[in-house]
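Visitor: Please give me a close look at the charged side chains on the surface of this protein. I'd like to know which ones pair up and which ones don't.

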Amino acid sequence: MITIVNVNESWGIGKDNDLLANFPEDMKYFREKTRGKIIVCGLNTLKSYPGMKPLKGRINIVLTEALDMIPMESIKACDCYVDDLAKASDTAFMTTPGATVMIAVTNLYDLLDIVSLFNGDDVFVCGGASVYRLLLPYCDKALITINDCKREADTFFPDLTKEEGWELSNEGELLESTTGIKYRFNTYTNKNA
């Protein structure tokens, strides 16, 4: 799995269930990396998407213990919605190009079983904070947009410069967004994945 996240220099990711820094260049980067791929998120992250709809053209895996809290808007926006692990093992829906699929799972073991069905396809972990922390040990790579936003954060991503086994494998060029935020697209590698 690959984690993908936008953090500030203190590794803050959000405040009041919203992104700290939301700028077009990072959103474009996220779309390019995840389009047509499998993404994993928690319920709050799903609810933070525009219209609470799963991301189009992707297989959206939602990890939540509260299946009954998944918004009806999210379910109706899918070409296929699966909340039963036995049905998810039917791979027919996985091969429809451009389909918007949502699979809801309630625990780590079911999530890992679902991920194993994709035979090494890129699976992107997209948040929130508890999902990042839970799945970070299973990720072999992290795509980290580091920005210079000074807003105070109440939610943080683990500082990979201090996490055992993680190392910076590619430091991106310092860029400036159209909103004035300075940022880099960095890649970290997990030697212990």
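Guide: Let's start with how open a residue is: buried means under 20% relative accessible area, exposed means over 50%, and partly exposed is in between (1.4 Å probe, protein chains only). This is a predicted model, where local features need pLDDT of at least 70 and side-chain atom pairs count only at pLDDT 80 or more, while totals for chains, interfaces and linings use all residues. Residues are numbered from 1 along each chain as its sequence is written, and side-chain values use heavy atoms, with hydrogens and water left out.

First, the setting. The chain has six helices and 13 strands (DSSP runs: H or I of at least four residues for a helix, E of at least two for a strand, numbered from the N terminus). Buried residues account for 48% of its 193 residues. Its C-alpha trace spans about 45 × 35 × 30 Å along the principal axes.

Now the pairs. Searching the whole structure turns up six salt bridges (a side-chain nitrogen of Lys or Arg within 4 Å of a carboxyl oxygen of Asp or Glu). One of them joins Glu 9 to Lys 150, with the closest N and O atoms 3.4 Å apart. Glu 9 sits in the loop between β1 (2-8) and β2 (12-15), and Lys 150 in the loop between β9 and β10, so this pair ties together parts that are 141 residues apart in sequence. Glu 9 and Lys 150 are both exposed.

Next, find helix α1, residues 24-34. Lys 28 and Glu 32 are four residues apart there, which puts about one helical turn between them. Their side chains meet in a salt bridge, at 3.9 Å from N to O. Lys 28 counts as partly exposed, with 45% relative accessibility.

Another salt bridge brings Lys 162 and Asp 159 together, again 3.9 Å from N to O. Lys 162 counts as exposed because its relative accessibility is 69%.

What about charges without a partner? Look for Asp 16, Asp 18, Glu 152 and Asp 154, which gather in a patch of negative charge on the surface. A patch takes residues with over 30% relative accessible area and no salt bridge, joining like charges within 9 Å and nonpolar side chains (Val, Leu, Ile, Met, Phe, Trp, Tyr) within 5 Å. Within this patch, Glu 152 belongs to the loop between β9 (141-147) and β10 (155-156). Glu 152 counts as exposed because its relative accessible area is 59%. That same loop, between β9 and β10, also holds Lys 150, the partner of Glu 9.

Conventions
Accessible areas come from the Shrake-Rupley method with a 1.4 Å probe; for residues, only the protein chains shown count as cover. Lys and Arg count as positive and Asp and Glu as negative; His and the chain ends are not counted. The place of a charge is taken as NZ of Lys, CZ of Arg, CG of Asp or CD of Glu.
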